Amino acid sequence: MLEILEREFIYLWYYFEIQFRQIFGYWVLGIVLGSCISVFLKDKIHGLFRSMSESRMGLVGIVPASLLGIASPLCMYGTIPLAACFSKSGMREEWLASFMMCSILLNPQLIIYSTALGTTALAVRIVSCFVCGIAAGLLIRFLCRGKPFFNFAGFEEPHNHDTDPNLFLRLMKNIGRNIRATGLYFLFGVFLSALFQRYVPEDLMTAFFGGNEAFGVLMAATIGVPLYACGGGTIPLLQAWLLDGMSMGSAAAFMITGPSTKITNLGALKIVLGVKHFIYYLLFVIAFSFITGIIINIVI
């Protein structure tokens with residue numbers, strides 16, 4: 001019995017070490033670049049979005065709003081108070097919807113992490129996120145017809161932690177916070193991928209998530225709900241699944257529903273949306289992820 005356990009530990013360590021070495025550099029790079037953007041560019045990015053309230057771009061404004069949402073390094077609990085301030089300054093709700101949707105799905109740090117998945121998966125993630133933000137803005141514009149969709153009552157601008165007068169120390173503190181926030185999730189993701197590689201047959205992964213089957217896309221969208229706790233932590237899983245035969249459409253569905261239904265994000269969104277609009281949000285995410293996955297499987 002002891003010999004069996006030792007053998008299994010060696011196998012798991014083998015898979016863990018390989019996955020760790022493949023992903024670790026991307027995680028470190030994402031931490032450093034993400035912190036640099038947060039410390040040196042965050043205010044400029046949000047300032048650009050704030051200045052949009054004085055423009056007359058109309059519906060076209062959902063395009064830069066989506067791009068700025070992707071560029072924003074804030075998590076959802078930081079984005080919502082910021083969006084509340086934008087709303088008070090007269091920001092159009094469709095712009096806020098696009099900004100918040102893209103901010104939920106992607107950020108500069110996660111873009112760096114996702115380069116470990118290859119150029120195709122990275123491009124799929126960025127484009128699908130951008131299109132999702134556009135779709136969210138369009139729906140708010142044409143379905144709400146000027147009626148308020150968000151309720152930001154009680155929210156104030158988020159507290160800024162990057163205030164140390166020494167720029168180097170400010171950056172180091174931000175890096176430390178990012179390591180504490182993502183480190184355990186990253187290691188847990190590598191461990192889960194090692195378990196999958198050791199105990200889940202490759203042909204089973206292909207049967208569930210491979211090919212152009214709608215079932216595979218639906219399954220990937222579904223498992224994104226319980227498994228997604230941190231963007232960096234899911235990269236090792238996605239890399240292993242893609243190697244084992246997961247289709248790109250299924251991966252796209254997972255990358256959309258995962259962050260969109262992450263528990264911390266849902267808790268924040270429930271507050272500003274209310275029950276009715278919160279249900280609309282969930283239906284939109286499920287429908288968009290499924291349709292996107294099907295289209296990507298046809299195209300790629």
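**Pockets, a cavity and salt bridges in a predicted model**

The second largest pocket takes up about 420 Å³. For pockets and cavities alike, the search runs on a 1 Å grid over the protein atoms alone: a pocket is an open set of points with protein on both sides within 12 Å along at least five of seven lines, a cavity is a set of points where a 1.4 Å probe fits but cannot get out, and lining residues have an atom within 4 Å of a point. Grid points are joined across faces, edges and corners, and a volume is the space filled by probe spheres set on the points. This is a predicted model, so local features need pLDDT of at least 70 and side-chain atom pairs count only at pLDDT 80 or more, while totals for chains, interfaces and linings use all residues. Residues are numbered from 1 along each chain as its sequence is written, and side-chain values use heavy atoms, with hydrogens and water left out.

As for confidence, pLDDT is the predictor's own score for each residue, from 0 to 100. The protein averages 86, and 95% of its residues reach 70 or more. Among the elements, helix 7 has the highest mean pLDDT, at 95, and helix 9 (residues 202-209) the lowest, at 71. Helices here (H or I, at least four residues) and strands (E, at least two) are DSSP runs, numbered from the N terminus.

Back to the second largest pocket: 19 residues line it, and Ile140, Phe149, His277, Tyr280 and Tyr281 lie nearest its centre. Helix 5, helix 7 and helix 13 (263-299) each supply at least two of the lining residues, and helix 13 gives the largest share, with six. By type, the lining breaks down into 17 nonpolar residues, one polar and one charged. In this count Ala, Val, Leu, Ile, Met, Phe, Trp, Tyr, Cys and Pro are nonpolar, Asp, Glu, Lys and Arg are charged, and the others, Gly among them, are polar.

Then there is closed space. Rolling a probe the size of a water molecule over the atoms shows where empty space is left. One cavity of 30 Å³ or more turns up in the structure, and the largest cavity holds about 30 Å³. Leu105, Arg125, Ser128, Cys129, Met255 and Ile256 form its lining. Helix 7 and helix 12 are the elements that give two or more residues to this lining, with helix 7 giving the most, at three. Four of the lining residues are nonpolar, one is polar and one is charged.

Helix 12 (residues 248-260) deserves a second look. With 13 residues at 1.5 Å a residue, helix 12 should span 18 Å, and its end C-alpha atoms are indeed 18 Å apart; the expected span is 1.5 Å times one less than the number of residues. Helix 12 is also mostly covered, with 13 of its 13 residues buried. Buried means under 20% relative accessible area, exposed means over 50%, and partly exposed is in between (1.4 Å probe, protein chains only). Ser289, in helix 13, is buried too, at 0%. Its C-alpha sits 12 Å from that of Met248, 41 residues away in sequence.

Next come the charged pairs. Side chains of opposite charge can pair when their charged atoms come close. Across the whole structure there are three salt bridges, each one a side-chain nitrogen of Lys or Arg within 4 Å of a carboxyl oxygen of Asp or Glu. One of them joins Glu8 to Arg198, with N and O 2.9 Å apart. The pair ties together distant parts of the chain, 190 residues apart: Glu8 belongs to helix 1 (residues 2-40) and Arg198 to helix 8 (residues 167-199). Glu8 is buried at 16%, whereas Arg198 is partly exposed at 27%.

The other salt bridges meet at Glu94, which is buried at 7%. Arg92, partly exposed at 31%, pairs with Glu94 at 2.7 Å between the closest N and O atoms. Arg141, partly exposed at 34%, also forms a salt bridge with Glu94, at 3.9 Å from N to O. This pair again links distant parts of the chain, from Glu94 in helix 5 (residues 93-105) to Arg141 in helix 7 (residues 119-144), 47 residues apart. Shared partners thus join Arg92, Glu94 and Arg141 into one network.

Finally, Lys42 lies in helix 2 (residues 42-51) and counts as buried at 10% relative accessibility. Lys42 and Leu74 are 32 residues apart in sequence, with 8.4 Å between their C-alpha atoms.
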